[in-house]
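Visitor: Could you take me through one part of this structure up close? I'd like to look at the largest pocket, and then at whatever around it helps me get my bearings.

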Amino acid sequence: MKKMKYLIPIMALALTVISCSNDDDGGGGGEETPNPILATVFTTSNTNSSIVAYNFTPNGILLNSFVTGSSDNEGIYYDEEEDELIVNSRSQSVINSYSNIENTEDGGNLNLFLSSDSVLESPRDIAVKDNVYIVSDNADVDGNPDTPDGRFFIFTRDNSVYTLRNTVTVNYAVWGIELIGNDLYTVVDKTADVAVLKNFISTYTTDVTATPDKRITIEGITRTHGITEDGGFVILTDIGDAANESDGGFHFISGFVAKFDAIPNGGTLTVTGNQVRVSGALTELGNPVSVEYDSPSQTVFIAERANDGGKILFFNEIGAGGNLVPTLSSPFAGASSLFYIDR
């Protein structure tokens, strides 16, 4: 049975923040009682070098903060088997890999052991499968701001080096990406659209300009940024007007791939009968730029970039959607991306 069965009762305890240690004082005879980590949300910032881990334990939330050498990070992935964090650095234009995360003390410097060449321009998200690392980059490719375009950098990795295998350019601005099986689903920035490139890793192996296999519009969204999938459910964020700190939201779509496949290229996935929307003043959503989802506990995790300078927001019991109050609202300046892992 998944450990995350504990997440909902933990959330109900108002996410009590406990000390930055993996052990709690048992209170009797000086012995310590284990406080196991059940799941973690790793978070990054555009405005500081910190990576903060929100660790779920049976007693509440354990916060750990780590320091990187990059002043602007966005796009993060945790490899539990190797105990490594893989993070896009916008300030250094590289992918950085950090090791020995579980043994790094709160407030400590992460151990940087591997970086890619400095080829990225404006990285926003990362998707990982086996030894392939896909980075979405929203820098203007052709130098003409009137022609929308974006790019995906595809790296391969062995233990000692990242190698840039190829780049794939598309005729739309990019942001969030999600591998579902072998297919790369990508948000189309500045629109309400989602596109898919089928069998992405094996099909696009050289530098090329690609046309997506399909692109559809998600009704009810103004401008999408974040995308995630778990258990057949897809969450898409809506930043609304980028200059507005209170008009954001997210859409919850069950059976997403089947619904996407049923819509013709250029068509629209309607809200009625297909989606649940969460938005409104109580949600604290202004510019939700990144999202993760845990299907067993039905919990949505959001990196909110604009509201009060940045927050990490958790939502559960989404139900019929609407103007929901987040179960957790945690200030985090410059919140830019996050990654969820069930331990």
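Guide: Happy to. The largest pocket comes out at a volume of about 650 Å³, and keep in mind that this is a predicted model. Its lining counts 38 residues, and those closest to the centre are Glu178, Thr228, Glu229, Glu292 and Phe339. As for where the wall comes from, the elements that give two or more residues to the lining are β7 (73–79), β11 (123–129), β15 (174–180), β20 (224–230), β25 (288–294) and β29 (335–342). Of these, β29 supplies the largest share, seven residues. By chemistry, the lining splits into 18 nonpolar residues, nine polar ones and 11 charged ones.

Now step out from the centre by way of Thr228. Thr228 is one of the residues closest to the centre of the pocket, and it is also in contact with Phe233. Phe233 sits in strand β21 (residues 233–238). Leaving aside neighbours within four places in sequence, Phe233 also contacts Phe252, Ile253, Ser254, Tyr293 and Ser295. Is Phe233 buried, exposed or partly exposed? Its relative accessibility is 23%, and buried means under 20%, so Phe233 counts as partly exposed. To place it against the chain before it, take Gly220: 13 residues separate the two in sequence, and their C-alpha atoms are separated by 18 Å.

Another way out follows β15, one of the strands that give two or more residues to the lining. β15 belongs to an open sheet of five strands, in the order β15-β16-β17-β19-β23, and the pairing is mixed. The edges of that sheet are β15 and β23 (268–269); each has a single partner strand, so each has one side without a neighbour in the sheet. At the β23 end, strand β19 (residues 214–218) pairs with β23 in the parallel sense, over two bridges. Ile218 is the residue standing opposite Leu269 in β23.

Just off the same sheet, have a look at Asn199, in the loop between β17 (193–197) and α2 (200–203). Asn199 and Asn182 are 17 residues apart along the chain, and their C-alpha atoms are separated by 4.8 Å. Not counting residues up to four places away in sequence, Asn199 touches Asn182 and Asp183. With a relative accessible area of 36%, Asn199 is partly exposed.

Two loops that follow lining strands are worth a stop for their backbone angles. Most residues other than glycine have a negative phi. Asp83 goes the other way, with a positive phi of about 55°. Asp83 is in the loop between β7 and β8 (84–89), and its relative accessible area of 13% makes it buried. Gln298 also has a positive phi, near 55°, and is not a glycine either. The loop that holds Gln298 runs between β25 and β26 (299–304). Gln298 counts as partly exposed, at 45% relative accessibility.

After β26 comes another loop, this one leading to β27 (311–316), and Gly310 is in it. At 2% relative accessibility, Gly310 counts as buried. Its contacts, again leaving aside neighbours within four places in sequence, are Glu304, Arg305, Pro331, Phe332, Ala333, Gly334 and Ala335. That brings us back to the pocket: Ala335 falls in β29, whose residues are 335–342. For a long view from Gly310, Ala39 is 271 residues away in sequence and 22 Å away in space, C-alpha to C-alpha.

For a simpler piece of strand pairing, try β5 (residues 50–57) and β6 (residues 60–67), which run antiparallel and are joined by eight bridges. The hairpin between them uses two residues. Within this pair, Tyr54 has Leu63 in β6 as its bridge partner.

Finally, zoom out to the whole chain, which has three helices and 29 strands. The C-alpha atoms fill a box of roughly 65 × 50 × 40 Å along the principal axes. The radius of gyration is 20 Å, and a compact globule of 343 residues would be near 20 Å, so the two agree. Of the 343 residues, 57% count as buried. Contacts also reach along the sequence: among those between residues at least 6 apart, 54% join residues at least 24 apart.

Technical notes
Residues numbered from 1 in each chain as written. Predicted model: local features only at pLDDT ≥ 70, side-chain atom pairs only at ≥ 80, totals over all residues. Heavy atoms only, no water. Pairing = 2+ DSSP bridges. Helix = DSSP H or I, 4+ residues; strand = E, 2+ residues; numbered from the N terminus. 1 Å grid on protein atoms, 1.4 Å probe; cavity = no way out; pocket = protein on both sides within 12 Å on 5 of 7 lines; lining within 4 Å. Points joined across faces, edges and corners; volume = space filled by probe spheres on them. Nonpolar A, V, L, I, M, F, W, Y, C, P; charged D, E, K, R; others polar. Rg over C-alpha atoms; globule rule 2.2 N^0.38 Å. Buried < 20%, exposed > 50% of the residue type's maximum accessible area, 1.4 Å probe, protein only. Contact = heavy atoms within 4.5 Å.
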